[in-house]
Every structure is written in structure tokens, then in C-alpha cells.
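Colleague: I am new to this one, so could you show it to me and let me ask how you arrive at your terms?

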Amino acid sequence: MIKNFIFDLGNVLVDYNPMRCILKYVRNISDANYIASAVFESEEWKMLDKGEISYAEALDIWKEKVPERLFDSVREVVENFHLYLPENPEMTEILKKLSEGNKKIYVLSNVGERYPEIVNGLEFMKYVNGAVLSYEEKLLKPDPEIYARLIRRYFTEPSETVFIDDMVENVAIAKKFGMAGYVYDGDGEKLYDTFENLGFFEPLA
């Protein structure tokens, strides 16, 4: 019997699209694309998610790397990106239905220290029973140890668990632990129908 559901955050529970924020501060599309790559695809961003550096330290590094004329825009984007991560209403409805069926819901995410600000006020957090976060654990998915820590912390039977992530490699590791896996492709209606057809919204016996 499936009792536990683990969700990724970015591109699953929230719409992670850095360009939404970047274009609030940068009008030139070439500059916007440069910042998207130089910041959000950088090693420093991975270090932020891993909790190895702070945002202030990352900005000090980027100040030396990016063109001087763009640094003020980079700083504004980095300081405000968390304000441009809206929750996915279809996923929020799925979490609500799972919670009504007495299922336990957890978050496993590669995310930096802004996590509390990102999720502050988002409706789906009402249904979350716990979270394992990369910046706190100093580990990134798909490192198996971060999955192992979630299992040890919150439940004992991976076979009673479904893992939902938008990255195939992350789902593959969950399956190695004995969980069922679902690669989320952005189609919330399809996921809702799948869960409904499998009886996941029904109360536990």
C-alpha cells in the first residue's frame, strides 16, 4: 500500500524559470541569456544548492566574473529570484487530495538557503509533512545518501513510497531504493489522472 509521496520542488511544486526574474531587471535578451547561463547554470549555483557558500559569497565571485556593466543586474536577480517562483496550482491540488487520503508528503530538493523564503506563503506547504534539503544536508541529488537520509528520517518502507521529480536520473536513484518513480513532464492533469486511477487519493484503510 502506498503511504508516502516525495516531491521535488523546482519544476514540480513550483515553476522554476529564472528568465521570469531576469527579464524584470534586464531588457536586452542577449544580456538576459548571458545572466541565465553565468548564474543559474554555474558551479557557484551548485555550491549554493549544496550549502557550500552563501549568496553574499556567490555575489563576490560573480562580481569578478561577469562584465562590470551587468553586475548590478546580476545582484538584483540573485537577491530577488525567490519572488518569481510561483507554485504549480495543479500540483497543489494533488497534494491536497493526497493529504485528504491521509498520505504523507515530503519534499526532497536541491535548493539553497533561500528555501524558507521561496515556500513562504505557498499553499502546498500546508500539506507537507517534512523536507530534506540539499543546502542543509550538504548533498545534491542524485547522490544516494540524500535519499537514504530522507528514508531514515521519515519512514521505514521505501516500497510504500512514490517519488516524483522532473529529472530522470533522480527518479532512477529512488527506484534503486525500492520506491516507485514518476518523471514529471509538466503535465499536472496527467499526473492527477494517474494517481486517481491508481487509487492514491483514497483514504488509507
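Colleague: What makes the lining of the largest pocket 16 nonpolar, seven polar and eight charged residues?

Modeller: Ala, Val, Leu, Ile, Met, Phe, Trp, Tyr, Cys and Pro count as nonpolar, Asp, Glu, Lys and Arg as charged, and the others, Gly among them, as polar. Sorted that way, the lining gives 16 nonpolar, seven polar and eight charged residues. This is a predicted model: local features need pLDDT of at least 70, side-chain atom pairs pLDDT 80 or more, while totals for chains, interfaces and linings use all residues. Residues are numbered from 1 along each chain as its sequence is written, and side-chain values use heavy atoms, without hydrogens and water.

Colleague: Why is it called a pocket, and which residues lie nearest its centre?

Modeller: On a 1 Å grid over the protein atoms alone, a pocket is an open set of points where a 1.4 Å probe fits, with protein on both sides within 12 Å along at least five of seven lines; lining residues have an atom within 4 Å of a point. By that rule 31 residues line the largest pocket, and Tyr16, Phe40, Trp45, Asp49 and Asn110 lie nearest its centre. Helix α3 gives the largest share, three residues.

Colleague: How do you know that β1 pairs with β2?

Modeller: Strands (E, at least two residues) are DSSP runs, numbered from the N terminus, and two of them pair if DSSP finds at least two bridges between them. Four bridges join β1 to β2, running parallel, so the pair qualifies. Phe7 stands opposite Val107 there.
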